[in-house]
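Trainee: I'd love a close look at one part of this model. Could you walk me through the disulfide and the strands around it?

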Amino acid sequence: MRTIAILAAGVTAALSPVAATGQSMTPMRGEVRSFTDAFAVRVFPGNPYNQRIRVEVHVYDQDFQPVDAKITPSAFLLAGQASRPVLVVVPFDGANERKVRICTESIPFPSEQTQIRAQICGKFFGHRRF
């Protein structure tokens, strides 16, 4: 039984780097203070693969309902082994605080056999200060 536990731990450790090479975005969380009616976050979607991928960035509230945020650029092609900055401006909509999830989604090309959409989200908290 102990041998199985050691073997399972070894397999888990060996596979961990493979799982960590998936699509990425940095930072994954943040807290922003703003003196205006919106707050801005710069995120960096990353592509660990050797081939390019199509990427879209979306903003959701805590219940994963879409938020009307300005995203520049919101959709683009990302080269293999590359990342790029994306500016996200989120309105407070009259509130003094807002929690959102900024998500990077890889969109499969129509000609590819695999049609899996990968999504990775970070949590961001905006505070409005007067």
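Mentor: Happy to; here is a tour that starts at the disulfide and moves outward. Keep in mind that this is a predicted model.

The structure holds one disulfide, and its partners are cysteine 103 and cysteine 121, with an S to S distance of 2.0 Å. The torsion about that S-S bond is about 110 degrees, so the disulfide is right-handed. Cysteine 103 sits in strand β9 (residues 97-107) and cysteine 121 in strand β10 (residues 118-128), so the bond ties together parts that are 18 residues apart in sequence. The two ends fall into separate burial classes: cysteine 103 is buried at 0% relative accessible area, whereas cysteine 121, at 23%, counts as partly exposed because the buried class ends under 20%.

Stay in strand β9 for a moment, since glutamate 105 is found there too. Is this acidic residue buried or exposed? With 7% relative accessibility, glutamate 105 counts as buried. Its side chain makes a polar contact with the side chain of tyrosine 60 at 3.1 Å, and another with the side chain of glutamine 119 at 2.7 Å. Leaving aside residues up to four places away in sequence, glutamate 105 also touches others, including Arg54, Glu56, His58 and Arg117.

Glu56 leads us on to the next pairing. Strand β4 (residues 53-60) runs antiparallel to β6, and four bridges join them. Within β6, alanine 75 is the bridge partner of glutamate 56. Along β6 (residues 75-78) the side chains alternate: Phe76 and Leu78 are buried and point to one face, while Ala75 and Leu77 point to the other and are not buried.

The loops next to these strands deserve a look at their backbone torsions. Most residues other than glycine have a negative phi, and most peptide bonds are trans. Against that background, the bond from threonine 72 to proline 73 is cis, with omega about -15 degrees, and proline 73 lies in the loop between β5 (70-72) and β6. The peptide bond from threonine 26 to proline 27 is cis as well, with omega near -15 degrees; proline 27 is placed in the loop between β1 (24-26) and β2 (29-34).

As for phi, phenylalanine 64 has a positive value of about 60 degrees although it is not a glycine. Phenylalanine 64 lies in the loop between β4 and β5 and is partly exposed at 40% relative accessible area. Glutamine 81, also not a glycine, has a positive phi of about 60 degrees. Glutamine 81 lies in the loop between β6 and β7 (82-83) and counts as exposed at 53%.

Note on methods:
Residues are numbered from 1 along each chain as its sequence is written. This is a predicted model: local features need pLDDT of at least 70, side-chain atom pairs count only at pLDDT 80 or more; totals for chains, interfaces and linings use all residues. Side-chain values use heavy atoms; hydrogens and water are left out. A disulfide is a pair of cysteine sulfur atoms within 2.5 Å. Helices (H or I, at least four residues) and strands (E, at least two) are DSSP runs, numbered from the N terminus. Buried means under 20% relative accessible area, exposed over 50%, partly exposed in between (1.4 Å probe, protein chains only). Two strands pair if DSSP finds at least two bridges between them. A polar contact is a pair of N or O atoms within 3.5 Å; within protein, one must be able to donate a hydrogen and the other to accept it, and residues adjacent in sequence count only if both atoms are side-chain atoms. Contact means heavy atoms within 4.5 Å.
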